[in-house]
Amino acid sequence: MDRAVSGSGRPPSVLRLRSYAKVNLGLEVLGPRQDGYHELRTLFQTIELHDDVELRPRRAGISARCDHPDVPPDERNLAVRAAQLLREYAGLRRGVEIVITKRIPVGGGLGGGSSNAAAVLLALDRVWGLGLGFDGLHPLARRLGADVPFFLLGGTALGLARGDEVYPLRPQVEGEVVIVDPGRGVSTAAVFTRCDDTLTPRENGPTIFRFVSRYLEGKGDAFRLLSNDLEAAALEEAPDLAGKVNHIQGILVREGALLTSLSGSGSSYFGLFREARQARRAHSALLDEGFRAVRSRTLTMDRYRKSWVRTLAQAGRARGWDQGRNGHHGNHGRQGHPRGRREAQGLRIDRV
Ligand code: ATP
């Protein structure tokens with residue numbers, strides 16, 4: 001029997017994490033960068049839809065399991081890479097078993113893999129006693145992927161550069177979300193390549209600034225300013241999606257969506273609603289038309305943090321995570337790493 005459910009009354013060793021999805025409320029491609037990526041300006045938003053991630057202490061190896069056939073169980077899994085990177089950075093020998101129950105559609109532009117990776121970083125930072133916090137984890141997060149840093153913060157945030165420079169926004173968006181999974185993924189790389197062929201350098205227009213100021217003023221039409229520059233390329237890449245998207249958009253708009261958009265590079269399409277009854281109607285209309293659709297809600301930064309504070313408090317009580325605690329090796333341990341000590345003083349999530 002797993003010690004985590006032994007009923008001994010002692011705190012469990014298993015950590016249960018919620019790994020939330022995101023949508024891009026807006027996404028502007030400003031142009032290609034020297035490093036081969038694209039300069040972006042995007043409005044990220046976490047939503048309540050989440051994967052469940054369980055972590056169990058292991059003496060040495062890092063392994064993963066997932067109930068979704070398209071999610072690899074080896075080092076191609078972003079959650080595994082996060083654990084490996086953190087262990088290597090801290091110079092530890094400890095291991096972890098990662099079990100992922102997927103609810104976030106895979107390859108849907110909802111950031112599932114990136115979110116799983118950030119969740120693993122935040123939790124292992126605590127149970128391995130590293131104390132890196134957001135600040136110290138940020139450079140590791142951006143090495144794992146452009147969307148990973150956002151999931152250290154959550155809420156409504158502006159993403160600049162590759163999307164990995166993240167700034168929380170004062171107006172946090174609150175609303176109901178309906179997400180449609182058209183049942184086929186779209187390759188992010190292929191969409192960006194296609195985008196390059198048609199990209200005319202975008203005027204450095206203040207669209208997101210205008211959105212923020214109108215939203216702050218309480219103007220209901222603020223969302224009309226937002227768009228996703230990857231949408232045309234994604235639909236060219238997956239022409240079979242185009243017809244579906246028109247149909248989906250028609251239903252969402254009819255039921256009163258403030259915003260309808262592709263998320264990231266697709267393939268998920270979503271509608272944002274002010275009221276639950278509108279979202280409920282849109283959701284059931286989509287199901288009636290044979291679409292796979294889920295209802296969710298936006299998760300503000302405050303609520304995202306509170307969720308993590310609760311999770312990390314549980315992590316602080318978890319037992320069995322100190323095996324090999326003194327197992328530093330190499331010269332990248334906190335004492336030996338030039339940045340380790342400084343970054344260890346980074347903000348702790350439970351103190352902000
Ligand atoms: P991106 O735009 O970053 O490619 P996405 O949000 O569209 O991501 P994900 O669900 O993150 O979609 O999956 C993208 C790819 O990453 C899939 O091909 C999947 O096999 C792979 N992958 C690796 N690790 C994970 C993980 N932990 N969860 C989901 N997918 C993962």
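## Ligand shell

Helices are DSSP runs of H or I with at least four residues, numbered from the N terminus. In this predicted model, helix 2 supplies four residues to the shell around the ligand, the largest share.

The ligand is surrounded by 23 residues, and the closest are L78, G112, G113, N116 and T188. Two elements, helix 1 (78-90) and helix 2, give two or more residues to this shell. By character, the shell around the ligand comprises 13 polar, seven nonpolar and three charged residues. Both domain 1 (3-169 + 301-317) and domain 2 (176-297) contribute to the shell, with at least three residues from each.

## Overall organisation

The protein chain contains 11 helices and 10 strands. Of its 352 residues, 47% are buried. Considering contacts between residues at least 6 apart in sequence, 75% join residues at least 24 apart.

## Helix 10

Helix 10 spans residues 301-317, a run of 17 residues. The distance from its first C-alpha to its last is 24 Å, close to the 24 Å expected at 1.5 Å a residue.

Within helix 10, the buried residues are Y304, W308 and A315. These residues lie on the same side of helix 10 because they cover an arc of only 25° around the axis. The exposed residues D302, K306, R310, A313, G316 and R317 are on the other side of helix 10. The cover over the buried residues of helix 10 includes strand 1 (15-32), strand 2 (38-58) and helix 2 (112-127). Helix 2 thus appears in both settings: as part of that cover and as a contributor to the shell around the ligand.

Notes. Residues are numbered from 1 along each chain as its sequence is written. This is a predicted model: local features need pLDDT of at least 70, side-chain atom pairs count only at pLDDT 80 or more; totals for chains, interfaces and linings use all residues. The expected span of a helix is 1.5 Å times one less than its number of residues. A residue is buried if 20 or more other C-beta atoms lie within 10 Å of its own, exposed if 12 or fewer, and partly exposed in between; C-beta atoms are placed from the backbone. The arc is that of the directions from the helix axis to the C-beta atoms. Two residues are in contact if their C-beta atoms, placed from the backbone, lie within 7 Å. A residue is near a molecule or strand if its C-beta atom, placed from the backbone, lies within 6 Å of it. Ala, Val, Leu, Ile, Met, Phe, Trp, Tyr, Cys and Pro count as nonpolar, Asp, Glu, Lys and Arg as charged, and the others, Gly among them, as polar. Domain bounds come from an automatic or database domain assignment.
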